[in-house]
Amino acid sequence: MANILKMVLALFLLILWSGFTPDADKPAYLIYNKNGNVVSYQSLKVQSTNSDLVFFGELHNNTIAHWLQIELLQDLASDTSRSTLVGMEMFEADQQLLIDEYFEGLISQSSFENEARLWNNYSTDYKPVLEFAKENDLEIDRHKYPEALCVCGLRWWA
């Protein structure tokens, strides 16, 4: 009797579990190559691994894109035969010293986050990249000019 009860419970759990598996034909994201063809993540990873420079374009408020960024960064950084530098447009040039001080342990995480000009989605979308880089001794380089310079440049060129 106990064996029959265990089999019924196992069958029930199997049916329940199978009802909650995601459909393979409904992926959370698609990756396209330069020709507009869908490619697999594995293909992206291989091409990125074989490249000297990888630009990961994204929409600033797209959490899936940021998740893919951290996934690709983790995969690329796992190849210890090559160095990995992370560039982040979120940080302006005048914040590089602050990033360096945080990475060197001269200031705390809370001090860094209080002093840096962080975007609203920093904690969910950018912090994982920054913290992964810090934990794995990867260099972070800001890739954005200070907003004041950009505004002046826009006014001067307009």
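Buried means under 20% relative accessible area, exposed over 50%, and partly exposed in between. The exercises below use a predicted model.

**Exercise 1.** Classify Glu92 as buried or exposed.

*Solution.* Take the relative accessible area of Glu92, which is 8%. Set it against the cut-off: buried means under 20%. Glu92 is therefore buried.

**Exercise 2.** Find the salt-bridge partner of Glu92 and place both residues in the fold.

*Solution.* The side chain of Glu92 meets that of Arg117, at 2.9 Å from N to O. Glu92 sits in strand E3, Arg117 in the loop between helix H5 (109–115) and helix H6 (122–135), so the pair ties together parts 25 residues apart in sequence. Arg117 is partly exposed, at 40% relative accessibility.

**Exercise 3.** Work out which residues form a network with Arg117.

*Solution.* Start with Asp94: its side chain forms a salt bridge with Arg117 (2.7 Å, N to O). Asp94 lies in the loop between E3 and helix H4 (96–103), 23 residues from Arg117. At 47% relative accessibility, Asp94 is partly exposed. Now join the bridges that share partners: Glu92, Asp94 and Arg117 make one network.

**Exercise 4.** Locate the two ends of the Arg82–Asp52 salt bridge and compare their exposure.

*Solution.* The two side chains meet at 3.2 Å, N to O. Arg82 is in the loop between helix H3 (63–77) and strand E3 (85–92); Asp52 is in the loop between helix H2 (41–49) and H3, so parts 30 residues apart in sequence are tied together. Arg82 is partly exposed, at 33%. Asp52 is exposed, at 77%.

Conventions:
Residues numbered from 1 in each chain as written. Predicted model: local features only at pLDDT ≥ 70, side-chain atom pairs only at ≥ 80, totals over all residues. Heavy atoms only, no water. Salt bridge = Lys/Arg side-chain N within 4 Å of Asp/Glu carboxyl O. Helix = DSSP H or I, 4+ residues; strand = E, 2+ residues; numbered from the N terminus. Buried < 20%, exposed > 50% of the residue type's maximum accessible area, 1.4 Å probe, protein only.
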